[in-house]
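Trainee: I should like to learn how to read the features of a structure, one at a time. May we begin with the terms and then turn to the case at hand?

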Amino acid sequence: MWRASVLTLFPDIFPGPLGASLAGKALAAGAWALDVADIRSFATDKHRSVDDTPAGGGPGMVMKADVLGRAIDATATDARPRLFMSPRGTPLTQARVEALTAGPGVIVVCGRFEGVDERVIAARNLEEISVGDYVLSGGEIAAMALIDACVRLLPGVMGATASGAEESFADGLLEYPQYTRPQVWEGRPIPDVLTSGDHGKIAAWRRAEAERLTKERRPDLWTAFLSRFRGGSRAG
Ligand SMILES: C[S@@+](CC[C@H](N)C(=O)[O-])C[C@H]1O[C@@H](n2cnc3c(N)ncnc32)[C@H](O)[C@@H]1O
């Protein structure tokens with residue numbers, strides 16, 4: 001079973017949104033597993049310290065390598081990828097999410113304060129993963145984002161499995177616009193083609209819209225898409 005193990009100073013935050021909706025139902029049904037380790041329980045001094053001042057000075061505190069090392073050793077007893085949520089990390093992509101979903105699960109370390117002692121990242125082979133070019137207060141929300149993105153791709157978790165295949169990024173493009181009833185809302189009709197019943201025309205319209213939106217909003221994705229299909233018929 002696909003298993004996420006989270007190491008955090010704030011275990012009570014979990015499952016949080018991972019316990020709701022389809023991911024939560026799948027968790028309750030045993031389609032995936034979540035366990036949460038409290039890093040503080042691996043502290044050994046009488047104050048249960050988990051952090052200390054940065055070597056060399058500077059603001060904030062740094063999570064201690066000895067405490068975090070023990071927490072990782074107790075949790076990471078199998079071959080799952082060991083991830084450390086970090087703004088310095090490799091940006092998370094849908095392709096990486098798919099690869100993680102295809103494996104046995106993830107071990108996710110959540111940082112706090114100024115981050116963690118660099119030595120534990122190296123000594124425990126932690127792979128740094130970022131959820132975007134901004135700084136969160138801690139790794140928990142980032143870990144939830146990563147786990148949620150993985151869990152919804154697990155077999156049987158999403159109601160209609162086909163919906164994943166057409167989503168943003170699945171084909172290197174952003175998703176086309178979606179509409180539902182009423183037919184006209186505040187004077188704005190649903191585009192005629194979508195109610196025409198002509199599946200060929202609907203597919204062509206959606207494809208053109210996906211390409212238009214990607215080109216307008218994400219030139220980086222559009223360039224990658226064009227180079228991926230250069231010479232093929234898909235990019236036109
Ligand atoms: C306040 S941040 C530390 C930021 C660090 N001093 C830096 O400048 O890179 C505390 C923790 O939040 C998590 N975090 C913050 N932003 C993140 C992001 N964009 N992606 C993943 N994790 C993030 C990391 O676990 C990090 O150790």
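Mentor: Helices (H or I, at least four residues) and strands (E, at least two) are DSSP runs, numbered from the N terminus. The model is a predicted one, in which local features need pLDDT of at least 70 and side-chain atom pairs count only at pLDDT 80 or more, while totals for chains, interfaces and linings use all residues. Residues are numbered from 1 along each chain as its sequence is written, and side-chain values use heavy atoms, with hydrogens and water left out.

Trainee: Where does Pro182 lie with respect to these elements?

Mentor: Pro182 is in the loop that runs between helix 6 (162–165) and strand 8 (184–185). Arg181 and Pro182 are joined by a cis peptide bond, with omega about 10 degrees. Another cis bond leads from Phe14 to Pro15, with omega near 0 degrees. Pro15 belongs to the loop between strand 1 (2–8) and helix 1 (21–28).

Trainee: Which value of phi does Arg48 have, and where does Arg48 lie?

Mentor: For Arg48, phi is near 55 degrees, a positive value in a residue other than glycine. Arg48 sits in the loop between strand 2 (32–38) and strand 3 (51–52). Asn125 also has a positive phi, near 50 degrees, and is likewise not a glycine. The loop between helix 4 (118–123) and strand 7 holds Asn125.

Trainee: Is Asn125 buried or exposed?

Mentor: A residue is called buried under 20% relative accessible area, exposed over 50%, and partly exposed in between (1.4 Å probe, protein chains only). Asn125 has a relative accessible area of 63%, so it is exposed. Arg48 is partly exposed because its value is 39%.

Trainee: How many aromatic pairs are there?

Mentor: Rings of Phe, Tyr and Trp (its six-membered ring) pair if their centres lie within 6.5 Å; planes under 30 degrees apart count as stacked, over 60 as edge-to-face and the rest as tilted. By this rule there is one aromatic pair. Trp222 and Phe225 form a stacked pair, 5.5 Å centre to centre with 20 degrees between the planes. Both lie in helix 8 (residues 219–228), three residues apart, or about one turn of the helix. Trp222 and Phe225 are both buried.

Trainee: Which residues come nearest to the ligand?

Mentor: A residue is near a molecule if one of its heavy atoms lies within 4 Å of it. Of the 20 residues around the ligand, the nearest are Met85, Gly111, Gly132, Tyr134 and Leu136. Strand 5 (82–91) and strand 7 each supply at least two residues of this shell, and strand 5 gives the most, with four residues.

Trainee: What polar contacts does the ligand have with Tyr134 and Ser86?

Mentor: A polar contact is a pair of N or O atoms within 3.5 Å. A polar backbone atom of Tyr134 is 2.8 Å from a nitrogen atom of the ligand, and a backbone N or O atom of Ser86 is 3.2 Å from a ligand nitrogen atom. An oxygen atom of the ligand lies 3.4 Å from a backbone N or O atom of Gly139. The ligand taken alone exposes 590 Å², of which the protein buries 83%; such areas come from the Shrake-Rupley method with a 1.4 Å probe.

Trainee: Where is Leu136 placed?

Mentor: Leu136 is in the loop between strand 7 (127–130) and helix 5 (140–151). Leu136 counts as partly exposed because its relative accessibility is 33%.

Technical notes: A polar contact is a pair of N or O atoms within 3.5 Å; within protein, one must be able to donate a hydrogen and the other to accept it, and residues adjacent in sequence count only if both atoms are side-chain atoms.
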